[in-house]
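Reader: I am new to this structure and would like a close look at one part of it, namely the aromatic rings and what surrounds them. Please take me through it slowly.

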Amino acid sequence: MKKLLLILFVAISQITQAQIKEKQPFFIGNIGTTFGINQQFKLSEEGNGPFITPKSILLRAEVGYQLDRRWSGSISIGYDHHFRYSINSIPQFGTIRYNFISRNSSAYFIDASYGRTWRPSESFSNGDYYKLGLGIMSFSSSRWNGLVRLDFHRKKIAQFENGNLDSVSLGIGFSFY
């Protein structure tokens, strides 16, 4: 009886631990935005819009490899448009991700990225790109998983305030293992 319980326990733990696929490639798609205060907002007037408004749109596509339950690496390409400054950029970067809490149904992670932004035309900006992120990935029984993240971005842009465009974004996305 003890042997049967031990085998059953090991089998169940293997099934529940299989949510993070080890030694497998993955794909992540993500859309995010930064928020700012509406400069035209006045508390006493109506019709001047919300107090907090989106200031950018950030699109990302990422291809990577899950090394083990904790570590993964990936390369990404994206498109960023900052409404207020009319700045477009196409960042390409590498990312190292660490799952600091790994559960059966979710993983909490921190990641760091470094790369470059490039421009196919004059309306795009060249420069270095840095990102530090924190997020949660929710696992499902299929190969598709949900993703919510909070990121700090720094884009080195010549002729810009202090040479940097810093922003904090909130993003949602999906992963496919």
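Reader: To begin with one residue, does Tyr-130 count as buried, exposed or partly exposed, and what is its relative accessibility?

Author: Please keep in mind throughout that this is a predicted model. Tyr-130 has a relative accessibility of 30% and therefore counts as partly exposed, since buried would mean under 20% and exposed over 50%. The structure holds seven aromatic pairs, and I will describe two of them, starting with one that involves Phe-27 and Phe-174. The rings of Phe-27 and Phe-174 are tilted with respect to each other, with 5.9 Å from centre to centre and 45° between the planes. Because Phe-27 belongs to strand E1 (residues 24-37) and Phe-174 to strand E9 (residues 164-176), their pair ties together parts that lie 147 residues apart in sequence. Phe-27, with a relative accessibility of 32%, counts as partly exposed, and Phe-174, at 31%, counts as partly exposed as well.

The pair that includes your residue joins Tyr-130 to Tyr-114, and it is tilted, with 5.3 Å between the centres and 45° between the planes. Tyr-114 sits in strand E6 (residues 106-118) and Tyr-130 in strand E7 (residues 127-138), so that the pair links distant parts of the chain, 16 residues apart. Tyr-114 is partly exposed, its relative accessibility being 47%.

Returning to Phe-27 and Phe-174, one finds that these residues, together with Trp-144 and Phe-176, form one aromatic cluster. A ring can also have a charge as its partner, as with Phe-109, where the charged end of Arg-97 sits over the ring at 5.0 Å from its centre.

The strands E1 and E9, which hold Phe-27 and Phe-174, also appear at the largest pocket, where each of the two strands supplies at least two residues of the lining. This pocket contains about 250 Å³ of space, and of the 14 residues that line it, the closest to its centre are Thr-34, Phe-35, Lys-55, Arg-84 and Tyr-85. The lining is made up of six nonpolar, five polar and three charged residues.

A last residue to look at is Asn-88, found in strand E5 (residues 87-102). Asn-88 has a relative accessible area of 11% and is therefore buried. Its side chain makes a polar contact of 2.8 Å with the side chain of Tyr-79, and the side chain of Asn-88 also makes a polar contact, of 2.5 Å, with the side chain of His-81.

Definitions and conventions:
Residues are numbered from 1 along each chain as its sequence is written. This is a predicted model: local features need pLDDT of at least 70, side-chain atom pairs count only at pLDDT 80 or more; totals for chains, interfaces and linings use all residues. Side-chain values use heavy atoms; hydrogens and water are left out. Rings of Phe, Tyr and Trp (its six-membered ring) pair if their centres lie within 6.5 Å; planes under 30 degrees apart count as stacked, over 60 as edge-to-face and the rest as tilted. Helices (H or I, at least four residues) and strands (E, at least two) are DSSP runs, numbered from the N terminus. Buried means under 20% relative accessible area, exposed over 50%, partly exposed in between (1.4 Å probe, protein chains only). A charge sits over a ring if NZ of Lys or CZ of Arg is within 6 Å of the ring centre and within 35 degrees of the ring normal. A polar contact is a pair of N or O atoms within 3.5 Å; within protein, one must be able to donate a hydrogen and the other to accept it, and residues adjacent in sequence count only if both atoms are side-chain atoms. On a 1 Å grid over the protein atoms alone, a cavity is a set of points where a 1.4 Å probe fits but cannot get out, and a pocket is an open set with protein on both sides within 12 Å along at least five of seven lines; lining residues have an atom within 4 Å of a point. Grid points are joined across faces, edges and corners, and a volume is the space filled by probe spheres set on the points. Ala, Val, Leu, Ile, Met, Phe, Trp, Tyr, Cys and Pro count as nonpolar, Asp, Glu, Lys and Arg as charged, and the others, Gly among them, as polar.
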